[in-house]
Amino acid sequence: MPTTLITNIASLVTNDPSQGDGTPLGLLANAAVVLDGDTIAWVGPAAKAPAADETYDAKNRAVIPGFVDSHSHLVFAGDRTQEFNARMSGRAYSAGGIRTTVAATRAATDAELEANLTHYLAEALRQGTTTFETKSGYGLNTEDEARALRIAAAHTEEVTFLGAHIVSPDYADDPAAYVDLVTGEMLEACAPHARWIDVFCEKGAFDGDQARAILTAGKAKGLHPRIHANQLSYGPGVQLAVELDAASADHCTHLTDADVDALAQGNTVATLLPGAEFSTRAEWPNARRLLDAGATVALSTDCNPGSSFTSSVPFCIALAVRDMGMTPDEAIWSATAGGAAALRRTDVGFVREGARADLALLDAPSHVHLAYRPGVPLVSEVWRQGARVA
């Protein structure tokens, strides 16, 4: 492939502190980037840019790394419009609504599930998401969990086995037997198609002992843990995540001081999902508390048909700045480099030599406009693996 020089960049977020202003964002003004195939070959001031086979004019727009959405649930059928309408009319959110999606997903064909998945992936790509994780969790039997993962694995390398989303309706009277299924036959069928294993550790889903058994079994099969932790109430999820070296503890809404300290001292990323709080009118996670303690924070969409039906990382950035105590700089870092950390990736979420050539061009002079102009479609172009795709 020819090399491409993208120049006339008003403001470039690199997430490389050795660049530009020396902050965590590594901001460069009047910048340029050289792409060599699917890799970034050079980054620096436009006046010092080397020659390339082709030149692309960014027209004085801001450029950021492609968003890294490290938490989504995109293999599903149907929607839960009626549930959302009822909730907005006063009914409280609980995990039980997942059963509605399970029934629709089981009834769908492979082609229908894949069409739905690719629709939402394309929607996310247009909004600047170039790396995405997605989970199973709406099959809750061996056959449907395995096919969900096979479908997802055709579209992303970041695939998570979430057979432990809730206790399957088929085992409502025997949760222990369902845990045995998840850690036995279901895990055997699903592990070859996934990189990660996840569990919803919450009242109404799985307790700490069950979550430990599920994640430990997954680790023995080569799957690395992540966990839905402390979303609806205080619980053992965060402490378990740090103990098992989970890549991320996701939601992190109800935290004790000990939970915050554990996240700050461990390698587990606190992934915050403000779309869920927005869509359930729940208490916001306190990002400021986590950041001030030294924890690594990621921002993701939690795109799913029940509690957070948005694929827009820019929307989540605006919510995080407005309602979770984050600065615009912290929010953009968390939605790019933070998401990469939650997936234990160093090749995405950055604009630096050797990184994957994933970029989003904004119809604005600065990344701050993502929070400053909420709801406005500012992502005007997307480059993924060195190709302009949106």
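**Strands and salt bridges: worked exercises**

Let's start with one pair: Asp250 sits across from Thr271 in β12. The model is a predicted one, where local features need pLDDT of at least 70 and side-chain atom pairs count only at pLDDT 80 or more, while totals for chains, interfaces and linings use all residues. Numbering runs from 1 along each chain as its sequence is written, and side-chain values use heavy atoms, with hydrogens and water left out.

**Exercise 1.** Work out in which sense β11 and β12 pair, and whether the side chains of β12 are buried or exposed.

Step one: strands here are DSSP runs (E, at least two residues; helices are H or I, at least four), numbered from the N terminus. Two of them pair if DSSP finds at least two bridges between them.

Step two: β11 (residues 248-251) runs parallel to β12, with 3 bridges.

Step three: check the faces of β12 (residues 269-272). Val269 and Thr271 are buried on one side, and Ala270 and Leu272 are buried on the other. Here buried means under 20% relative accessible area, exposed over 50%, and partly exposed in between (1.4 Å probe, protein chains only). In a regular strand, side chains alternate between the two faces of the sheet.

**Exercise 2.** Write down the strand order of the open sheet of 7 strands and find its edges.

Step one: the order reads β3-β2-β1-β4-β14-β15-β16, and the pairing is mixed.

Step two: β3 (39-45) and β16 (387-388) are the edge strands, each pairing on one side only.

Step three: look at the β3 end. β2 and β3 are antiparallel, joined by 6 bridges, with Val33 opposite Val43 of β3. The two strands make a hairpin with 2 residues between them, and Gly37 in the turn has a positive phi of about 65 degrees. Asp36 belongs to β2 (residues 28-36) and is partly exposed, at 40% relative accessible area. Over in β3 you'll find Gly44, which is buried at 1%.

Step four: move along to β14 (residues 359-362) and β15 (residues 379-384). They pair antiparallel over 4 bridges, and Val382 of β15 is the bridge partner of Ala360.

**Exercise 3.** How many salt bridges are there, and which elements does the Glu381 and Arg61 pair link?

Step one: apply the rule, a side-chain nitrogen of Lys or Arg within 4 Å of a carboxyl oxygen of Asp or Glu. That gives 22 salt bridges.

Step two: for Glu381 and Arg61, the closest N and O atoms are 3.1 Å apart. The pair links β15, home of Glu381, to β4 (residues 54-65), home of Arg61, across 320 residues of chain.

Step three: check the cover. Glu381 is buried at 6%, and Arg61 is buried at 11%.

**Exercise 4.** Why does the salt bridge of Asp257 and Arg289 tie together separate parts of the chain?

Step one: get the distance, which is 2.7 Å between the closest N and O atoms.

Step two: place the ends. Asp257 is in helix α9 (residues 257-265) and Arg289 in helix α11 (residues 287-293), so the pair ties together parts 32 residues apart in sequence.

Step three: check accessibility. Asp257 is exposed at 56%, whereas Arg289 is partly exposed at 28%.
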